[in-house]
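Let's take a friendly look at this protein together, from its aromatic rings to its surface charge. Please have the sequence and the 3D view at hand.

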Amino acid sequence: SKRAIDDFVRQAGLKFESSKADFVPKSKLSEKFSYSMKGNTVEVLSVRYRKADADHEEEYFFQAGKLVYAIERQAPVGGSGPAWSGVYYFKNGKLLDHTTNGHGKSELDSWDPEDEVFRMSRKRMKQLRDHIKKRNL
């Protein structure tokens, strides 16, 4: 249920704030990754960057290795326009529910939140795994 996911996200978020590790990969976007682990699995993964005069933030929450919650935020640099955000709940590999606020990609007929969020979470996890692998060499 969404309530159980919210409880998990609240607890994982508190732990994340006190135990996160950060890194900045070499990229054009100056992305900053933050993550926390539960044992050998990633529990929270956050990515922040600036692109096209907007600040972007992505956060992914994983329970037992499965994506259960994600949030995206986009805000114009200097507050020069409307912000956009999306919140996504997942269960058993499917989008359970989502909400968006503001004007942005969610207004496009072609936007598929389930596909996009899963695709981005896989991309971010690969970037994190590549970083951890390099660090452990």
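## A tyrosine to start with

Is Tyr89 buried or exposed? In this predicted model, Tyr89 has a relative accessible area of 10%, so it is buried, since buried means under 20%.

## Aromatic pairs

Rings count as a pair here if their centres lie within 6.5 Å, and by this rule there are seven aromatic pairs. One of them joins Tyr69 and Tyr89: the ring centres are 5.2 Å apart and the planes meet at 80 degrees, so the pair is edge-to-face. This pair links distant parts of the chain, with Tyr69 in strand E5 (residues 66-76) and Tyr89 in strand E6 (residues 84-91), 20 residues apart.

Tyr69 counts as buried too, because its relative accessibility is 11%. If you follow the rings elsewhere, you will find Phe23, Phe33 and Tyr35, which ring pairs link into a cluster.

## A positive patch on the surface

Now turn to the surface, where Lys51, Arg119, Arg122 and Lys123 form a positive patch. Which element gives the largest share of this patch? That is helix H2 (residues 113-135), which supplies three residues.

Arg119 is one of the patch members and is found in helix H2. How much of Arg119 is accessible? Its relative accessible area is 42%, so Arg119 is partly exposed; that term covers values between the buried limit of 20% and the exposed limit of 50%. A patch residue needs over 30% relative accessible area, and Arg119, at 42%, has that.

Terms used:
Residues are numbered from 1 along each chain as its sequence is written. This is a predicted model: local features need pLDDT of at least 70, side-chain atom pairs count only at pLDDT 80 or more; totals for chains, interfaces and linings use all residues. Side-chain values use heavy atoms; hydrogens and water are left out. Patches are made of residues with over 30% relative accessible area and no salt bridge: like charges are joined within 9 Å, nonpolar side chains (Val, Leu, Ile, Met, Phe, Trp, Tyr) within 5 Å. Accessible areas come from the Shrake-Rupley method with a 1.4 Å probe; for residues, only the protein chains shown count as cover. A salt bridge is a side-chain nitrogen of Lys or Arg within 4 Å of a carboxyl oxygen of Asp or Glu. Lys and Arg count as positive and Asp and Glu as negative; His and the chain ends are not counted. The place of a charge is taken as NZ of Lys, CZ of Arg, CG of Asp or CD of Glu. Helices (H or I, at least four residues) and strands (E, at least two) are DSSP runs, numbered from the N terminus. Buried means under 20% relative accessible area, exposed over 50%, partly exposed in between (1.4 Å probe, protein chains only). Rings of Phe, Tyr and Trp (its six-membered ring) pair if their centres lie within 6.5 Å; planes under 30 degrees apart count as stacked, over 60 as edge-to-face and the rest as tilted.
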